[in-house]
Amino acid sequence: MKKTYNNIRGTLDFDASQALTFRAISDEAQRIFGLYGYQEIILPLLEEKDLFIRGVGQGTDIVERQMFKIEGKDVVLRPEGTAQVVRYYLQNSLHKKSDFHKFFYVGPMFRGERPQKGRLRQFHHLGAEAIGSDSFYLDAEMILLSLEILDSVGIKEKKLLINSLGCKKDKDAFSRLLKESLTKAKKQLCEDCLRRSEVNPLRVLDCKKEECRKQVKSFIGQDGSSNHLCSDCSKNYKNLTNLLKDLGVKYVHEPYLVRGLDYYTNTVFEITSSRLGAQSAIGAGGRYNNLIDALGGPSKPAIGFALGVERILLALDKKDDQPKVDVFIAIAGEDLREPAFKILNSLRKEGIISDYDYCQKSLKGQLRFAQKNGARYVVIVGDDEFKQGCVLLKDMEKGSQKQVKIGDLCSELTPAVN
Ligand code: HAM
């Protein structure tokens, strides 16, 4: 038997109707990014491995376990966009050209995770990054922007979780305190948390296991990281949450939200959907006020987020749109193939979505094919009509048909299909 192939586990094939839904989501997101003043950048899928080690953090799941390396090279398939955007920003010295920049990007990301529902090895981000401002109004803009995109593509049921990790000083102090406390409870921690308590203690707050949560709670109480903010960070977070309240944005303060990437400081947020199961985050983001500095640039505050397109599709759980053809050209005999092909091309030139039979089907077979593929009209090129410079125009919805001069076909169809 000849060998056939399947797609790689954790990757998805989008069929034509899923691709149409995917495209509609990314088009709508691009419209809204534009409305908020974000400019699109398209960056490579390949980056230096070290960029993510330094950017995302040595002790993170992404760097420790999930990067797809290109064999024999210090190059990886990008696991996320933020470190990459900062690389682009610094490489082009954009900080010297303007003190504030806003970018958005749409594209695939790669993480070698154990695949499950909503957790893929190749997935797509709709992401935004704004570099050069520490204003809490910008934090609010990011949150509003992510919610508006989700709303607009049809995600009505969702929950916004926010927290503040504080500035680097706050975060480091909290991390130290947590590490000290966790060493006393080593026996009670799961294997993952035991490792994390050494390399990345904040991540222990993320653990969903009952015993680990109990231990963490006993050390840091209900307030998680937010109890450990300096007065500036605390005021900033209050300003943001008050603004969100004023704007009527519903949120849940989640003191245990720390996020799995090391670059975050201050505001972090996640948007979840109850329709997603275990992998409930549909999008997430936050401030990374020290990342630009850490990657060799000047000290610049920044914030961003990314939404996962495949998780949006899962949460929508709607029937995909069917790609449609406005007009199908059917021929009554092979000798009419060439004139019909010319008619097909003249319709396409007028922007009418048209198609034609390439498989030598009978007229009946062509009509069946047109109906199955949702053609709104069928143009039948028949011998008798063609001799008179005419075709038959069949309305597939109404079931009616009429004779139309070939020269009038475009003007007859244009208003009907628009
Ligand atoms: P992230 O939380 O790793 O953040 O990813 C953002 C979103 O991408 C998640 O909320 C989820 O919807 C989707 N996602 C992540 N991993 C997978 C996966 N394996 N399969 C399917 N979907 C996934 C970041 O990547 C940050 N760069 C976001 C950011 C931008 N922060 C600041 N700026």
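Q: Buried means under 20% relative accessible area, so what makes Arg287 buried in this predicted model?
A: Its relative accessible area is 0%. That sits under the 20% cut-off, so Arg287 is called buried.

Q: And why is Asp134 called partly exposed rather than buried or exposed?
A: Asp134 comes out at 42%. Partly exposed is the range between the 20% limit for buried and the 50% limit for exposed, so Asp134 gets that middle label.

Q: How do you know that Asp134 and Arg287 form a salt bridge?
A: The closest N and O atoms of the two are 3.7 Å apart. The rule asks for a Lys or Arg side-chain nitrogen within 4 Å of an Asp or Glu carboxyl oxygen, so the pair qualifies.

Q: What makes this pair a tie between parts apart in sequence?
A: Look at where the partners sit: Asp134 is in the loop between β6 (122–131) and α6 (136–152), while Arg287 belongs to strand β10 (residues 281–287), so the bridge ties together parts 153 residues apart in sequence.

Q: How many salt bridges does the structure hold?
A: There are 27.

Q: What makes Asp395 and Arg376 a salt bridge?
A: Their side chains meet at 2.7 Å, N to O. With a limit of 4 Å, the pair counts, so the name fits. Asp395 lies in strand β15 (residues 390–395) and Arg376 in the loop between α14 (363–372) and β14 (377–381), so this bridge ties together parts 19 residues apart in sequence.

Q: Buried or exposed: how do you know which word suits Asp395?
A: At 7% relative accessibility, Asp395 falls under 20%, so it is buried. Its partner Arg376, at 23%, is partly exposed.

Q: Which salt bridge joins Asp395 to Lys398, and why does it count?
A: The two side chains meet at 3.9 Å, N to O. That is within 4 Å, so the pair makes the cut. Lys398 is exposed, because its 66% is over 50%.

Q: Which residues do shared salt-bridge partners join into one network?
A: Asp61, Arg65, Arg196, Arg203 and Asp206.

Q: What makes Ile70 fit in a nonpolar surface patch?
A: Ile70 has 32% relative accessibility, which counts as partly exposed. Patch residues need over 30%, so Ile70 passes that test. Together with Leu45 and Leu46, Ile70 forms a patch of about 220 Å² of accessible area. Ile70 itself is in the loop between β3 (68–69) and β4 (75–77).

Methods. Residues numbered from 1 in each chain as written. Predicted model: local features only at pLDDT ≥ 70, side-chain atom pairs only at ≥ 80, totals over all residues. Heavy atoms only, no water. Helix = DSSP H or I, 4+ residues; strand = E, 2+ residues; numbered from the N terminus. Buried < 20%, exposed > 50% of the residue type's maximum accessible area, 1.4 Å probe, protein only. Patch = residues over 30% accessible without salt bridge, like charges linked within 9 Å, V, L, I, M, F, W, Y side chains within 5 Å. Areas by Shrake-Rupley, 256 points an atom, 1.4 Å probe, with all protein chains shown as cover.
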